[in-house]
Each structure stands twice: as C-alpha cells, then as structure tokens.
Number of protein chains: 2
Amino acid sequence: MLSDIEICRETKLQSITSIATSMGLLEDEFQSQGKFKAKISLSSVKRLADSSSGKLVLVTAITPTPLGEGKTVTTIGLSQGLKKIGQSVVACIRQPSMGPVFGVKGGAAGGGYSQVAPMDELNLHLTGDIHAVTAAHNLASAAIDARIYHEQRKGYANFEARTGLTALKIDSKNVVWKRVLDHNDRALRMVTVGRNETNKTINGFEREDGFDISAASELMAILALATDLKDLRARIGRIVVAYNIHGDPVTSEELQVAGAMAVSMKDAIEPTLMQTLEGVPTLIHAGPFANIAHGNSSIIADNIANKLADFTVTEGGFGSDMGFEKACNIKAQASGKAPDCAVIVATLRGLKANSGLYDLKPGQAIPDTIFDADSEALTAGFKNLKWHINNVNKYGVPAVVAINRFPQDSDDELQQLKEMVEALPSNVEVEISEGFSQGGAGTIALAQKVIKQCSNEVEFQPLYKMEQALEEKLMAVAECGYGAKGVTMSYKATQQLAQFKKDGYDNLAVCLAKSPLSISTDGSIKGAPSGFDVPIRELKLCAGAGFVYALCGNVMTMPGLPDKPAFMNLDLDDEGNIIGLS
Amino acid sequence: MLSDIEICRETKLQSITSIATSMGLLEDEFQSQGKFKAKISLSSVKRLADSSSGKLVLVTAITPTPLGEGKTVTTIGLSQGLKKIGQSVVACIRQPSMGPVFGVKGGAAGGGYSQVAPMDELNLHLTGDIHAVTAAHNLASAAIDARIYHEQRKGYANFEARTGLTALKIDSKNVVWKRVLDHNDRALRMVTVGRNETNKTINGFEREDGFDISAASELMAILALATDLKDLRARIGRIVVAYNIHGDPVTSEELQVAGAMAVSMKDAIEPTLMQTLEGVPTLIHAGPFANIAHGNSSIIADNIANKLADFTVTEGGFGSDMGFEKACNIKAQASGKAPDCAVIVATLRGLKANSGLYDLKPGQAIPDTIFDADSEALTAGFKNLKWHINNVNKYGVPAVVAINRFPQDSDDELQQLKEMVEALPSNVEVEISEGFSQGGAGTIALAQKVIKQCSNEVEFQPLYKMEQALEEKLMAVAECGYGAKGVTMSYKATQQLAQFKKDGYDNLAVCLAKSPLSISTDGSIKGAPSGFDVPIRELKLCAGAGFVYALCGNVMTMPGLPDKPAFMNLDLDDEGNIIGLS
C-alpha cells in the first residue's frame, strides 16, 4: 500500500471553492487560501442562526497506545461512508500540533484512504491558527514581564507619574501565565527568565517560568469555546495572568493587552475548510491534546457544520475519559448542543495493549508481535472497551463501536471482537471499519449503524452542573468520569482552590489534565482500573476559557522528543515535495 | 487627516488575481490567500530566467530616530510615483515583525497615502512566513536539547546501541543556536533552560540559553539570500548549531533536523504579493531589523520583480551604514545584482535629531518642538545627511535624496534643506517627497530624478571581496562602511575568530550588528562621528546564511517593550475591525 502522503498526492482534489459552495456557503462567506484551503467567515453563523440543526456524531476511543488507535481515520472514514450512502455530512477536526508531527505520533490528518487533504498543509502551519494562539499568548507573557520591569525599576510612584498608568504591583513570584511554543521541548518545561550577566536588571527581574505546548494555552480553549468574536474578546479580557502583591488577581484586561491579543487572534476565529480524499467538507479548528487541554474542535465550527449538514462528525482526543468527557461536560454545556451518538474506536492492537500482558514502554516502539493472534490478550483487554461503552452510556449518549482495522489484523480476531461486543447487554452497535484501506466504501456499514443510533432520543446527562462547588465538580469527573475512589489534593491545590473560591470563580467548569494512556492518572495501569485515587497536584484558573484546570498525577503540559524523533525522516525531494510525513 | 488604517480601509483595492496577472504572472504561478494576498511560485523565477532585468532602486536613509524617518513610506510612495508617470514598477519590502507592531515603532506598511494594503494583514501574521522561521528555528533548538538529554542520560554507548545513531557528543556549554520568538521580550534575552524541581533530569540538563527576535534568526537571513528551495535546503544543512566535546562544529545536517526545518519553511520561500493603495504590485519577503540581522528583502523577490518590471524599488533598514551596507556587501555579492540607484530618505525631524542639540532619550517620545523652525539644528544635523550621501557614492551607486515631508514641516525649512543638498559638490539629486499626504502624486518629481540617476552607468564597488580574511572584512566595514578608526575585539571574539578560521569559514561575508541610532556603535552619538573604534564583543558563525555575524557595542538581539507599549492602543471595534494600529 502507498504511504499516506503518496495516496494524498495521487488523489485529484476539488477546488476549495467548489467544496465551499456545494456545502451551502455563500460566495462572501469564505476566502480561499490557495487552491485547497479556505477561511470561513463568521457571517455564515449569523445567517444560519435560525436553520435547523443536524445530528452531532462524536468519535471517541478506547484507552489508546501512544500511537493512537485511528480516531481521525475513523472520523474521516465515517464521514466518507455517510456521503457514500447519500447523506449530507461535514467533518470537524482539530488542527494538528507540530509537536507530535515532528515528535513520535506523526500528523493528525487521518491516514490511508481516509485523510484530510492536502495532509502536508494540514499538518504544517495550515492557515496559522496555532501560530496566532502562540503569538497572542506570548505577547501577554512579554507584557507581564515588561510591566514588572517598568514598575519595579524605579518604584511604583515613579512609574505612575511617568506613564499616567496605575501600577498593577504584580507579584513576580505569583505570575500564573506561562509561555507557550508548538513544539515538544522538554528543556523549556522549567526555565528561569530575566537573567542578567551581572547584578544589573537590564534584562528584567529573574523569576521562575516555563513553557507549555501551545495547544494547552488557555487561548486555545477560548478559541474552541467562544461563540463569536465579541465573546472571544470578552473571554480574553477575563484571563487571570498573575496576582498582585496583595494576592488579588490581575487580568489581561488590566494589563491592557487583551485587545491586542484578540487582534492577533482575529483570523484564527474563522475555521479553515478543507476536504477529505472523497470530497467531504472538513472544518479544521482549535487544537488537540485532550489530555492536557480541553482538546475538542470548536463550537463555531460545529455550529456551521450542524446548520449546513444533516450529520456533523467530530472527535474528542484519546479515550472517552479524556476528550469525550470534556466534550460533554465543558463544550456541550457551553454550546447547548449534546452529541446525538458516540462512536468508540477500538483496535485489536489497542485492546491487547490494554490486557497488561505486553510490556509496553512509553516512548518505545510497540512490538510487531502485538498483531499476532492472541485471544487471551484480546479477552483480557476487552474490559477496557466495556468500560468505555458504559462510560458513554452514562452520559445518555447512544454508542457505536467502530473496530478500526489495521492491515495486519486477521478476520478471525476481528470477528471475535465483534461478537464480544454484540454479546454485551448494553444498547450498543458494533461494526468493523475499513476506512484506512478502503475509504468511505469501507465504512458504509458503520455509517448505517451510526444513522440508526442517531435516531434514538438522547437524554443527555453531563456529570455535573455549573452551580456545584468546584470540589464537587472535580469529584464528579474523578468518580463518575474515571471511576476513581476519590480525589486527593496537594497542599498547593487546596490553597489554590480556596483562592479561586474567594475570588468568585466557584461556578466554572473543571478540566482535568492526566495521562491519556490509562483511565486512571497512572499511564502504566492498563485495562479498566478501579479503586484508585485521582491525585491533583496543582490547579490553574482559566477564567477566560471558563474552567479550572487540574493537573493530575505526573502529567506534563510540555511533551518531550524521543531519542529518534519523527523529524529525522522528513525532507524535501528534488522536486521540492515533502517526504517522510505520516 | 485620517489614520493609516482608516485610509487603508476606505481605499478600494483590486483583487490580488488582477494585480498578479497585470504584472505578468501566469495563472499557475500564484495562489491567492484570501482576496488581497497571494503566494508567488518559484516556477516564475525559472520561467523568467532569461528575461532582461530592470533597474534596482534601493531606498536607504539618514541615521534615523527610533520612530524611523519614513523609508517604507518613501519606497511605496516612489513606486506609486513611478507608476503615475507610466513606468512598470514592483516594490519589494520585508515582512514587518510583530515586535515593533506591539512595541513602540508600530507597523511597517508605510503610512498615509503610501501604504501596502491591507495594512493590518501585512502587519499581523501576513501569510505566516515569520511564524514558519520561528517554528523551524525552535525545532532545531528542541532537537539539540533532546539530543543532549538522550545521549547523556544513560551515556553515549547506551544511546548508540539503543538508537543505531552515532552520538554527537554535543558540549552543552557550547550550544550556539539560541531560541527565537517574534516579540519584544527582554526577559527572554538570558534564560536558564532544562531546570528541574529536584535533582532529577526529567526536564533535561540545565544550561544557559537565550531568545533572539525571530528576524535575527539565521534562518531569516537564509530565506533572504537563498536562490531556490534546493539552495535553502543546502544552506540549512550547513548551519552550525553547537560544538562537540572535542571542539568541532555540529551542523543541523548532523542533527538530522535540516530536512524537517526546510519542510517547515517550504511555503515561506514563496514571496507574498500584495498591492499599494494605488495598485503597485508589492512583494513581501524575509524580515526586518537591519541592525541585528541582514535585514533586506529577499533575492528571490527581487529576482521576480526585476524580471517583470522596469523598476524594482526595495529598501534596506535604517541608515546607509546598516541595511544599505548589507544590501551591497552581502546581498548584492550573493545575487550578482547591484543597486542602480540609492534613494536616501531624510527628514527635517531626523536631521535636527542628528544635530546633538536635542536631548533625545531612547524609549522616550520625541518632543513636538523638534518640528519648530530651527535652522541651527538643521544645519548642524545636515552633516549626517552629507555623510550618508558620501557613503552611498563610495559604493559607486548614484544617489537621490528624498526629503520625506511630515505634515508639521514648513515649506521654508524644506526648501532650505533642498538647497543645502543642491549646493553639495557630489553628483546627487534631491527632491521633496510627499508620498505620505498625496500618494504617488506627491512623488512624481522624485520618480523623475530616480529615473535620471538610473540611466547612469554604475561602477559598483563592494567594500570587501569574499576571499579576504574575516578580520580584513570586519575592518573594511568598520573603517570604510562606518568611518571608524578601527576595530577592537574582545577576548571572546578573538577566540571565536580563530575557531572559525580553523574550521574553514574564512571566506564568509561579515554582518555587523550595532545600534542603528548612530553611525558609530554608540546610539547616543549623533551626526557624523569619526575617530571612534568599533568594539566587537562577540562573533557568531552563520555558515548557512554565509556570513560571520559580529555583535558590536551593547547591541541587543532581543528588543524590550517600553513602559507604555503600542499594544495598549490596539483593540477590535463592535464590528470586529482593528483599531489603534499604525
């Protein structure tokens, strides 16, 4: 079989203008960016406000291996399958981060014959939204350090007299807005900034800081959750960037940088339209990393898709404890639109990896032997899939299991897994999905089951209500969302919780960051663990995004590069084409 | 008069397709990026290789105030004037950096009725080239720290056995590739990276590092100097990122990241086409900061413009000691195309600031009194203009002085300045330029003088030849290019020079970084200083760009934000339009 980029390059694509008009956008509602990308104007959202909404299909997965189990392949494949049987459909996915593209996982365009195209443009820069988030984020960071510098250099009174501004008196030991870059760069996790050659302060005042990956920026969550440009601007203004020497929050509005940040993100708020290899319109918006971020595609993109198509297929990153949980508790509560059906992607490889019978090490290759027939491992790992089916049902969302077929998979084992799901008492459908090798033709049966499940009445149940106390909401996610025994909080987190409640932020949602490689917070525990605690080591206020972010276990918000990173394979050939991208 | 962004918004622009085709590009040689921007394919360079070349007009300036004296206004105004009198013309400018846009200077789109439009798109993100440079640069940085981490964590032998790669044995105290961001962020000038909570090494090994502004990245110079994608790829591979424990250079090729860096810059190598308010095609390419970088627009953009138009108007940042010097000694020697005429922008304000009679402090506003009639200050500051005229003539390039009129300027003083230039014995033309207030109609006389000077035979004389020794080339720029007494070198610079010569880099060009606010390396010395030394405190090898970079005096490669930064004025209005951008 050809490589992803070869398949992509051999496929004749439609012009993006024809994709845009065929999905029902008016000529002044999009601007082409080259032949195969377009930015969609928010005027379309306004025009379509009163149209009826289609069905929202949310693709989630079992607990994945570090390579992923093909959620985007299934999202794109299913959308192509729906199109093949005559349905109107739009796919909504998140913009890939360049960290994994250059790191270990590779791109996030799907794969095989179920790709968003051109996959190289999707995986690299796209229309610059992540760069805009990075730029806006780091502008605020520069603004914070500059303000501390200018206020402290000659004292607050001198600063006020000189500038006519009120001193913000930021406590340089209590700046909570870090910096970001869209790279896997572990050396930037903890840095000291403002260092000087001598004891001068020409470079500012030294303080501890760190970089997160851009997808984990609060601005990325704001981009995903904002309903329009005004809402984006208002949310940015509410961001708490630091505390002053009296312990009171300082916002980006007070720093007078919120307007400029919104200006920097003015184009990023427009979703990018592309197409799948079979011509399904696909909106790309907001960022990935549902482990350390909200990690769902945007409400704006969903809104456009929902109004224009009968089916919107979108995805939430990692297992249903991760992106799906956040899609239901954060995104659906913000948008008022719940998923009509969940597709749970399972693979033989991923379930065997969940058996606990393989010695899989993070950062190391998965042994090829995992593709050999191993009924014992499959049966042992099946409890993970069962857990995710029950989890999805808990929210009142009907489910379809999509068994994403890998080329190495045997018919026998696929059939075995299918029968195991069929034997479950739950109201769940199951189908083998061959989107990777066959495109939409390989997902027609899956598409039919999705349509069937979408016809059910959904009694959507998020795990918590906003008016509950923050600690109750954290417990709701830990206990109902992960099946944990309870929550333990570090001293630091306890203090932060008290601060947020005192400052009036008790009514925000909660966004838990944890390892995606386990339902628990310990990535080495596979299967369907129970009886564990969720240790919260730190909280972060994201008042603009509208949630409190909890760092659980040893989760990192800046990934690292492995010892043989994917970038080593990347190059340009003699004609200037990209090679080695997957 | 309306603000820049208001003028820009009121002007009816042509579609970029019509601009592109009218300048002679074929339909498959450009891709529109929205209505008013297009990326130009390098296939156009190939097609036009055998066409005859037009005249290259290089706009430079007197020693400017920190606000700039209107070099871009003059570049755009002159190109519009040339168009008005029936000439075929293309302007080539550099992409503005967001650092100054959010800092103090504002955008770099020109101003008034001589702007590149839409100015907000030009000043913010554009088509993402600077972001691509930033991303490619920081990918190499992450690759360096990751390699150090993986090689040192369990020892070189273990690394080699584990990966099959040869250990590079990078000396973590001798990494010469810093990180970059496109912001004014003084706190990032000196940072410690790889810090850890405890004495673990989970975040890598602690080392001293720092961030430069992205325009100062060697990759930006490579983008400006590369002749095609293959050349770009080869140059990237030659970059020396660090030295190993034996003191030998380690390149990005050896780090196996050069291919991925080139992939990341694949689209950035295509110039962006925009238009002036009067419809002159304008190519935007590469970055600014001719003080701390090469700082000229690209050879590729010039090549396209030169083949398609009779006149290409481009600019080199700051005074003729800065961008013009680098345009002649680095860029023209690399491209083989020398400027046919130089336009020296002078202002009454700028010359008075050069008189030494005003107490101007960097980072503080220029007093309005500088616009009052002050013949004494003008006469005293005139020596700076005289210096720049002589300097330009030294290269054998005919000159035209463009007196860029500010709204506050009086006819009398403008006339006085004009007569002072006319009285000079040099073969120099002079004209008042009213591009800001009148657009092309205000630069017709200037355009005619430029055409006249372009008809002269140019006997172009760079200050040095590549085969000279590095120290001779440094002295040539210091002595002939600045009029210095000589060069003094720090111990560190002396050692670096010896290392570069030992490693075979003696035949590179030299690129001096210094204050742009003086002809000397001390920004507080105005006028036409002489008898000074050029103190070189540090050298940097830019083997990919093809020069050795010398840091002179106290020049900084990462600017800082002032106490009332320009970002405070920026916001979105109720319709989502940008306000406060200049």
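Through which surface do the copies, chain A and chain B, meet? In this predicted model, 100% of the interface residues of chain B are also interface residues in chain A, so the copies meet through the same surface.

**View 1. Chain A and chain B about their axis.** Two copies of a chain are related by a rotation about an axis and a shift along it. Here a turn of 180° with a shift of 0.0 Å along the axis lays chain B on chain A, and the RMSD of this superposition is 0.0 Å. That is the relation of a two-fold axis. Within chain B, the C-alpha nearest the axis belongs to B:Gln33 and lies 2.0 Å from it.

**View 2. The crossing of helix 15 and helix 19 in chain A.** The axis of helix 15 of chain A, which spans residues 375–394, and the axis of helix 19 of chain A, which spans residues 470–482, come within 10 Å and cross at roughly 130°. Because of this angle, helix 15 of chain A is oblique to helix 19 of chain A. On the side of helix 15 the contact is made by A:Trp387, A:Asn391 and A:Lys394, while helix 19 contributes A:Cys480, A:Gly481 and A:Tyr482. Sorted by class, the residues of this contact are three nonpolar, two polar and one charged.

**View 3. Cysteines without a disulfide.** Over all chains, the structure holds zero disulfides, and two cysteines of chain A may serve as examples. For A:Cys8, the closest cysteine sulfur is that of A:Cys92, and at 19 Å it is too far for a bond. A:Cys8 is also buried, since its relative accessible area is 6%. A:Cys511 is likewise in no disulfide, and the nearest cysteine sulfur, in A:Cys542, is 7.3 Å away, whereas a disulfide would need the two sulfur atoms to be within 2.5 Å. The relative accessible area of A:Cys511 is 0%, so this residue is buried.

**View 4. The surroundings of A:Ile239.** A:Ile239 sits in the loop between helix 10 (229–238) and strand 12 (240–244) of chain A. With a relative accessible area of 0%, A:Ile239 is buried. Leaving aside residues up to four places away in sequence, A:Ile239 touches A:Trp177, A:Glu218, A:Leu219, A:Ile222, A:Val250, A:Thr251, A:Ser252, A:Met261 and A:Gly544. A:Thr21, by comparison, is 218 residues apart from A:Ile239 along the chain, and the C-alpha atoms of the two residues are separated by 38 Å.

Key: Residues numbered from 1 in each chain as written. Chains lettered and ligands numbered in written order. Predicted model: local features only at pLDDT ≥ 70, side-chain atom pairs only at ≥ 80, totals over all residues. Heavy atoms only, no water. Least-squares fit on C-alpha atoms with pLDDT ≥ 70 in both. Contact = heavy atoms within 4.5 Å. Axes fitted to C-alpha atoms, helices over the stretch in contact; angles between N-to-C directions. Helix = DSSP H or I, 4+ residues; strand = E, 2+ residues; numbered from the N terminus. Parallel < 35°, antiparallel > 145°, perpendicular 65-115°, else oblique. Nonpolar A, V, L, I, M, F, W, Y, C, P; charged D, E, K, R; others polar. Buried < 20%, exposed > 50% of the residue type's maximum accessible area, 1.4 Å probe, protein only.
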